[in-house]
Amino acid sequence: MRRPMVAGNWKMHGTRASVAELIKGLSDQALPSGVDVAVFPPSLFITQVIEGLEGKSIATGAQNSAVEPQQGALTGEVAPSQLVDAGCELVLIGHSERRQILGEQDSTLILKFAAAQACGLKPVFCVGETLEEREAGKTLEVVGRQLDSIIGQLGIKAFADAIIAYEPVWAIGTGLTATPQQAQDVHKAIREQLAAQDAEVAQNTRLLYGGSVKAANAAELFGMPDIDGGLIGGASLNADEFGAICRAAGN
């Protein structure tokens with residue numbers, strides 16, 4: 001049985017004061033015991049978050065990590081080994097903002113995925129199509145190719161210790177959301193693609209949906225058979241809203 005997960009991606013938001021306020025709000029939430037909860041703050045605030053949430057059942061992840069596992073001469077980057085040393089458990093790999101805006105290619109993401117796993121970080125591998133690709137009927141082709149980039153280089157077993165997040169690019173920060181059935185159709189295709197190589201990996205890999213998830217639509221999305229929770233953007237900056245989304249996953 002796959003355990004539900006709700007992860008909050010804070011993106012490039014926060015000051016020390018606002019992060020302290022959000023930590024306090026999260027600490028006051030009644031979170032369901034049957035759901036894994038994680039937050040992904042900007043790297044500047046990782047230590048503040050880990051210390052502030054000590055004793056709470058909320059994991060901390062990073063939004064990015066370097067292509068090399070160990071520290072070295074790579075100015076401006078943070079090594080996966082450094083993130084582990086700081087107390088991180090997870091890292092986002094391949095978020096559409098990094099693919100679309102910063103131009104990260106599959107070749108780079110493969111290196112980041114492998115480097116993270118080499119240090120014991122669990123990758124949350126993000127896949128998704130643009131509006132143009134969806135309208136052209138290429139959603140499953142695009143998502144399949146993104147998954148194949150990892151499977152082809154690292155093997156299907158790489159997903160035995162990873163999470164996949166399907167985030168349609170057109171639904172991120174736009175207020176648009178895939179319908180529960182649209183999201184389920186893609187999640188089902190992802191699981192079938194994994195199952196074609198390894199049924200056990202497919203059955204156990206958690207698939208999260210991301211893209212304008214709110215408390216109001218979370219329960220219906222999470223009720224789909226292949227959706228195991230959510231990767232939450234803007235709503236994760238509001239402790240009450242995020243807590244409500246977590247409770248929806250617990251139902």
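**Why these labels? Q&A on a predicted model**

Q: Why is Gln184 called buried?
A: Gln184 has a relative accessible area of 6%, and the cut-off for buried is under 20%, so Gln184 gets the label. Keep in mind that this is a predicted model. Gln184 is located in helix α8.

Q: What does Gln184 touch, not counting residues up to four places away in sequence?
A: With those close-by residues left aside, Gln184 touches Met224, Pro225, Asp226 and Ile227.

Q: What makes the link between the side chains of Gln184 and Asp226 a polar contact?
A: The link is 2.9 Å long, and the cut-off is an N or O pair within 3.5 Å, so the distance qualifies. Asp226 also turns up in a salt-bridge network, discussed further down.

Q: How do you know that Ser96 counts as buried?
A: Ser96 comes out at 9% relative accessibility, and buried means under 20%, so that settles it. Ser96 is part of helix α4. Not counting residues up to four places away in sequence, Ser96 touches Ile101, Val169 and Ile172.

Q: How does the reach of helix α7 fit what is expected at 1.5 Å a residue?
A: Helix α7 spans residues 139-154, which is 16 residues. From first C-alpha to last it reaches 23 Å, close to the expected 22 Å.

Q: Where does α7 bend, and by how many degrees?
A: The bend is at Leu147, and comes to about 25 degrees. Leu147 is also among the buried residues of α7, together with Thr139, Val142, Val143, Gly144, Gln146, Ser149, Ile150 and Ile151.

Q: What covers the buried residues of α7?
A: The cover includes helices α4, α5, α6 and α8, plus strands β5 and β6. Right after α7 comes Gly155, with a positive phi near 90 degrees.

Q: What makes Arg145 and Glu141 a salt bridge?
A: Their closest N and O atoms are 4.0 Å apart, and the limit is within 4 Å, so the pair is counted. Both residues sit in helix α7, four places apart, or about one turn.

Q: Why are Arg145 and Glu141 called partly exposed?
A: Arg145 has a relative accessible area of 44% and Glu141 one of 49%. Partly exposed is the band between under 20% and over 50%, so both residues belong there.

Q: What makes Asp198 and Lys157 a salt bridge?
A: The N to O distance is 2.7 Å, and the cut-off is within 4 Å, so their side chains qualify. This pair links distant parts of the chain, 41 residues apart: Asp198 is in the loop between α8 and α9, and Lys157 in the loop between α7 and β6.

Q: Are the partners buried or exposed, Asp198 and Lys157?
A: One of each. Asp198 has 13% relative accessibility and counts as buried, whereas Lys157 has 53% and counts as exposed. The cut-offs behind those labels are under 20% and over 50%.

Q: Which residues do salt bridges that share partners join into one network?
A: The network consists of Arg2, Arg191, Asp226 and Asp228. Over the whole structure, the search finds 15 salt bridges.

Q: How do you know that Asp106 forms a salt bridge with Arg99?
A: Their closest N and O atoms are 3.3 Å apart, and within 4 Å is what's required, so the pair makes the list. Asp106 is partly exposed at 27%, while Arg99 is buried at 13%.

Q: What is the phi of Lys11, and what is the phi of Ser212?
A: Phi is near 55 degrees for Lys11, a positive value in a residue other than glycine. For Ser212, also not a glycine, phi is positive and near 60 degrees. Lys11 is in the loop between β1 and α1, and Ser212 in the loop between β7 and α10.

Q: Why do Lys11 and Ser212 count as buried?
A: Lys11 is at 18% relative accessibility and Ser212 at 15%. The cut-off is under 20%, so both of these loop residues count as buried.

Q: What makes β5 and β6 a pair?
A: They share four bridges, in the parallel sense, and pairing takes at least two, so the call is clear. Within β6, Ala165 stands opposite Cys126. β6 is also joined to β7 by three bridges, again parallel, with Leu207 in β7 as the bridge partner of Ile164.

Q: Which way do the residues of β6 point?
A: Ile163 and Ala165 point one way, Ile164 and Tyr166 the other, and all are buried.

Definitions and conventions: Residues are numbered from 1 along each chain as its sequence is written. This is a predicted model: local features need pLDDT of at least 70, side-chain atom pairs count only at pLDDT 80 or more; totals for chains, interfaces and linings use all residues. Side-chain values use heavy atoms; hydrogens and water are left out. Helices (H or I, at least four residues) and strands (E, at least two) are DSSP runs, numbered from the N terminus. The expected span of a helix is 1.5 Å times one less than its number of residues. The bend at a residue is the angle between axes fitted to the seven residues ending there and the seven starting there. Buried means under 20% relative accessible area, exposed over 50%, partly exposed in between (1.4 Å probe, protein chains only). Contact means heavy atoms within 4.5 Å. A polar contact is a pair of N or O atoms within 3.5 Å; within protein, one must be able to donate a hydrogen and the other to accept it, and residues adjacent in sequence count only if both atoms are side-chain atoms.
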